[in-house]
Each structure stands twice: as C-alpha cells, then as structure tokens.
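Trainee: I should like to understand how the terms used for a structure follow from its values. May we go through some cases together?

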Amino acid sequence: MEKLSFEEKIGQMFFPAAFINDTDENIRAMEELIRQYTIGGLTFFHSPQMAAANYEKKANIPRNENSRQRLEELIRHYQSVSKYPLLISIDAEWGLAMRVENTEQYPYALSLGASSDPYLVFETGEAIGRDLRAAGIHFNLAPVLDINLDPGNPVIGYRSFGQYKERVTELALAWYRGLRSVGILGCAKHFPGHGDTAVDSHLGLPVINKSREELFDQELFPFIKAIEMDIDCIMPGHLAVPALTQDDQMPSSLSKNVVTRLLREWLGYTGAVMTDALNMRAVSKRFEKPGELELAAIHAGNDLLSFSANIPAAVELIRQQCEPEQLQQSFERVDMLKKKAGLFDHEVPETPMPLSVEETRSLKQRLARSIVTVIKNGVPISESGAEKIACLSLNKSAGEGVFCKTVSALRSLPVYEMLRFSRSNGIILDESLDQYERLIVALYIPGLKPQSRFGLDQKLIGWLNMIMKKKQVNLVVFGNPYALAHIDFDLADQVVLAWQDMKELEVTAAQYLFGRTEVSGTLPVSIDKSVSDTISDL
C-alpha cells in the first residue's frame with residue numbers, strides 16, 4: 001500500500017455504495033470506479049430503492065430471496081477487480097437482516113437496552129460479527145452511541161440503547177467488543193450525538209440547541225468512553241450544533257470545529273473518521289458543483305467518504321485543493337483499518353463460523369428472558385381452572401403470531417384477532433368476548449417510528465381502552481416502548497413489554513404470564529404520556 005501514487009491514495013478515501021440488487025450496467029460502472037480510482041472500500045446496501053434518496057419508500061423495493069448469496073458473489077467479484085484489497089462495510093445494527101433478506105436478525109439496540117447483562121449484549125455483537133465474517137464483510141457501521149433523549153426522534157429511537165448515558169455506553173461498547181472479538185471493525189455514530197433531534201437527517205438538517213456544557217454532560221459522554229478504548233472509527237452526524245459550530249446551518253460532519261478541533265484535538269481521537277452517507281438531504285443539496293461536498297468533508301477532517309455521488313469530480317477537486325500532508329494522514333488511517341481487518345495478512349486467519357441453529361436459538365432465548373420487561377405486575381395465570389379466558393391478537397393474524405399459539409399450547413384457549421378496526425368489527429368482537437372473564441391481549445405495534453402514533457389506529461386503541469375498563473386484561477405489547485404513551489395501559493391488570501415480534505420473545509412472554517419462566521428486563525427509556533400529542537404530530 002505504501003507504493004500507491006498520490007492519486008491512488010486519494011481514491012482509497014472513497015467508499016461508494018454498492019447495491020446487492022442492482023443492474024448489470026451499474027455493476028459495470030462500479031467495476032470501472034474500482035479500476036480507475038483505486039477506491040478504498042465499498043458499503044453495501046440492499047438496493048438503490050432502499051437508499052436515502054428513496055427514504056420515504058416512494059419507489060417499490062425489490063425482494064430477492066437469494067440476496068445473501070448475491071452479496072457474497074458481488075464481494076468476491078469486486079475484490080477480484082480491485083488492485084488492492086477492498087474494505088467491505090455494511091450497516092448491520094441488528095444483524096445482516098438490516099440489509100439482507102433471509103438472514104439472522106437480533107434484537108434492536110433499544111430492546112437490548114432493557115438487558116441488565118452486558119455479556120449477553122457482547123454475545124449478540126459477537127454473533128453478528130460471525131455472520132459478517134462468513135459473508136466476506138470486514139466493517140460494521142455500528143454501534144449507535146446516540147442517547148435517545150427525544151421520544152419523538154424520527155430516525156434514532158429504536159436504534160439507540162436508550163436514554164440513560166451510562167447504560168447506553170456500557171451496552172453499546174459491550175456490543176462493539178463482541179464485534180471485535182471475531183475480528184470485525186466497528187464505527188461509533190453519530191458524533192456528537194443525534195438522540196435529541198426531531199428532524200431526520202435523511203430528509204433535512206436537524207439542529208441541536210444545547211450548550212457546550214450540556215453536550216459534554218450527555219451527548220458526548222458515550223463517545224468519550226469509546227475514544228478511551230480506541231474505537232476503530234467514528235462517524236459524525238449530519239446535524240447542526242451551533243454551540244460547536246457557531247452556525248445553525250452548518251452540519252457537524254462538514255465542520256472543522258467539530259471533526260478536527262473537537263474530535264481530534266480536544267478529545268484526542270486518533271482513529272478513522274467516516275462521513276455518514278453523503279446523499280442524505282441534510283448535506284446533499286448544499287453544493288451545486290459536483291465534488292464540492294466531498295471536498296468540504298475532507299477539509300473538515302474526515303478520512304473516509306461514504307456514498308459519494310461523483311467520485312471523478314471529487315477526486316480531482318481534492319487533488320487540487322487539499323494539503324498532501326492531510327491526505328497522507330487520512331490514507332494512513334484507511335490503511336490502518338485494513339491492517340486491523342487482516343487484509344494484508346500473508347496467512348489467512350481461520351474465520352469464526354456463524355453460530356449454529358441451536359446456538360442462535362439458545363442466545364435468543366437467553367436474550368428474551370433478559371429483555372422482556374414487566375411494566376405492571378400481575379398474578380400468574382393458572383394453566384387449568386374454571387376462569388374463562390381467551391387470547392386476542394391485535395394488528396397481527398393469530399395464525400402468524402407465535403404468542404397466541406404458545407398461550408393456547410399452555411392452556412387450551414380460544415383465539416380471536418382483529419387486523420383492521422371498524423365499528424362493526426368492534427361490535428361483533430365485543431359480543432364474542434362477552435363470555436370471557438379475562439383476556440390475554442397481544443398488541444403488535446405496526447410502526448417502529450413515532451410518526452402517526454407508531455401506526456396505531458386511534459379507534460382500535462379507544463376500543464382496547466374500553467375493553468380494559470370492562471374486563472381483566474393481561475396486556476402484552478410487541479413494539480417500541482414509546483408507543484405506550486398512546487395507550488391507557490394502566491387500565492390493564494398486567495402489562496408486559498415484549499419489544500419485537502421475534503419468536504423467542506413471543507414464547508418467553510407467553511411463558512412468563514403462566515409462571516413458566518422469569519424475566520428481568522427494565523425500561524431503558526421513560527414513558528411520559530404528556531408527550532404523546534407531540535409524538536403524534538410528527
């Protein structure tokens with residue numbers, strides 16, 4: 001790598017988006033970029049339709065049952081085209097499933113935030129790392145170190161480990177250590193902190209109006225701890241922080257005050273700095289001339305450029321206007337990442353195998369017991385007895401949900417469902433449920449994000465509130481805990497947060513209701529019903 005020319009070293013700073021599901025024409029164009037500009041690496045996305053330019057999902061997203069196989073084929077192909085080894089990266093915050101169909105999914109960061117066992121979170125990072133290694137990926141653009149302080153945050157939310165800085169730091173860095181234990185690089189994001197914003201940087205420029213003292217006390221706390229452990233890479237966020245930039249229109253990712261003076265000089269970080277995707281609207285519309293955005297990012301102090309729209313123009317501008325000494329330092333940081341990933345090892349190290357099916361199931365079962373959270377305690381339900389009980393599934397077919405099936409296996413119960421609420425459906429179901437003294441209700445929250453009350457139908461929730469006033473209800477919620485702000489859950493006799501409709505979580509929640517297992521999750525965020533209108537209006 002030391003033999004690279006000046007222009008080739010500039011090329012090493014670029015990490016364009018590579019799409020798993022792409023056209024032959026685009027694949028040939030990527031081959032040409034690799035050959036002509038000696039780019040340093042690739043960041044894989046599912047498809048162009050899942051990129052930031054289509055963040056509102058206006059274009060249909062193709063589904064490919066063989067995406068995993070295609071990903072591995074493309075990695076091998078692009079590596080064969082490149083003169084120097086490519087550093088392959090991907091966003092896998094909850095596993096390859098974040099980008100690839102039919103691959104293993106692990107709990108979201110916010111779900112993991114309910115765990116009091118950092119070693120289980122370490123094991124989750126390790127398992128994800130094993131899956132990435134097996135696919136030919138070296139670099140996971142995670143963990144998220146943002147502290148989710150705004151319940152209405154439209155982009156971080158469930159991707160954060162919570163709102164308490166010590167817990168976020170402990171669990172996020174445990175997860176990162178799991179990655180590193182199997183040789184996968186990690187990247188802390190989104191510096192200096194994207195957790196207290198009400199704007200999505202994929203769509204616009206968020207502004208954090210906090211003092212420097214407040215930022216050091218909260219947002220920067222996890223990043224300082226990550227710097228102390230020499231984390232591989234840090235990703236600045238596309239958000240304005242006037243206390244640091246003296247400009248409410250200047251993204252932190254393009255600010256020398258933030259990237260060089262704060263991160264490098266003040267906090268002493270010596271590792272690599274990678275931009276968030278440069279096609280995100282918080283930054284993509286700031287410059288008219290192709291290449292100027294990438295030039296601004298380099299001037300700010302970034303080393304790796306993600307999702308550049310025009311590499312030829314950017315390379316030329318950087319060659320003409322950047323100091324060779326700075327470019328050499330950035331090249332050396334890219335080179336160091338590749339060395340840490342083992343890309344120059346003469347002997348290929350043994351690749352850790354992915355967990356077996358049984359090992360994966362065991363990990364997820366232990367995670368489920370660690371994160372299922374009792375919001376309101378209740379008496380275990382008897383597996384026999386005269387009490388008339390039914391199970392009700394809301395927003396998900398009872399035939400698809402594992403929860404009601406497990407409940408029925410533990411105690412033979414009738415199962416009802418409501419997928420879409422209407423007044424007539426509510427009346428009919430209400431009549432059918434009149435004969436039961438107790439209802440076990442599984443409420444599946446439709447959306448992960450706070451827009452439109454997480455997708456909850458207000459009429460359905462009104463109907464559920466009415467049922468909880470009339471009957472004994474054991475309420476189990478599968479979804480974002482902030483959605484509880486829209487439900488009068490205090491009306492229920494028992495409330496359990498099971499986080500996601502993941503099989504192991506559904507089974508564990510059902511077993512808990514019948515006293516078959518213990519759970520130990522605690523809420524990583526506070527639920528404030530007074531903010532529900534604010535959340536709903538986003």
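**Reasoning from values to terms**

Mentor: Let us begin with a charge and a ring: in this predicted model, Lys388 lies over the face of Tyr436, at 5.9 Å from the ring centre.

Trainee: What makes Lys388 count as lying over the face of Tyr436?

Mentor: The NZ atom of Lys must be within 6 Å of the ring centre and within 35 degrees of the ring normal. The distance for Lys388 and Tyr436 is 5.9 Å, so the distance condition is met. Arg212 likewise lies over the face of Trp266, at 5.4 Å from the ring centre.

Trainee: How many aromatic pairs does the structure hold?

Mentor: The structure holds 13 aromatic pairs. In one of them, the ring centres of Tyr108 and Tyr158 are 5.0 Å apart and the planes stand at 75°.

Trainee: Why is the pair of Tyr108 and Tyr158 called edge-to-face?

Mentor: Centres within 6.5 Å make a pair, and planes over 60 degrees apart make it edge-to-face. With 5.0 Å and 75°, Tyr108 and Tyr158 satisfy both conditions, so the pair is edge-to-face. The pair links distant parts of the chain, 50 residues apart: Tyr108 is in the loop between strand S4 and H4, and Tyr158 is in the loop between strand S5 and helix H6. Both Tyr108 and Tyr158 are buried.

Trainee: What makes the pair of Phe191 and Phe223 edge-to-face?

Mentor: Their centres lie 5.3 Å apart with 90° between the planes; the angle is over 60 degrees, so the term edge-to-face applies. Phe191 belongs to strand S6 and Phe223 to helix H8, 32 residues apart.

Trainee: How do you know whether Phe191 and Phe223 are buried or exposed?

Mentor: Buried means under 20% relative accessible area. Phe191 has 0% and therefore counts as buried, and Phe223, at 0%, is buried as well.

Trainee: Why is Ser115, in the loop between helix H4 and helix H5, called buried?

Mentor: Its relative accessibility is 3%, which is under 20%, so Ser115 counts as buried. Ser115 touches Val121, Leu171, Ser370 and Ile371, leaving aside residues up to four places away in sequence.

Trainee: What makes the link between the side chains of Ser115 and Ser370 a polar contact?

Mentor: The limit for the pair of N or O atoms is 3.5 Å. The side chains of Ser115 and Ser370 are joined at 2.5 Å, so the distance falls within that limit. In addition, a polar atom of the Ser115 side chain lies 3.0 Å from the backbone nitrogen of Asp117.

Conventions. Residues are numbered from 1 along each chain as its sequence is written. This is a predicted model: local features need pLDDT of at least 70, side-chain atom pairs count only at pLDDT 80 or more; totals for chains, interfaces and linings use all residues. Side-chain values use heavy atoms; hydrogens and water are left out. Buried means under 20% relative accessible area, exposed over 50%, partly exposed in between (1.4 Å probe, protein chains only). A polar contact is a pair of N or O atoms within 3.5 Å; within protein, one must be able to donate a hydrogen and the other to accept it, and residues adjacent in sequence count only if both atoms are side-chain atoms. Contact means heavy atoms within 4.5 Å. Rings of Phe, Tyr and Trp (its six-membered ring) pair if their centres lie within 6.5 Å; planes under 30 degrees apart count as stacked, over 60 as edge-to-face and the rest as tilted. Helices (H or I, at least four residues) and strands (E, at least two) are DSSP runs, numbered from the N terminus.
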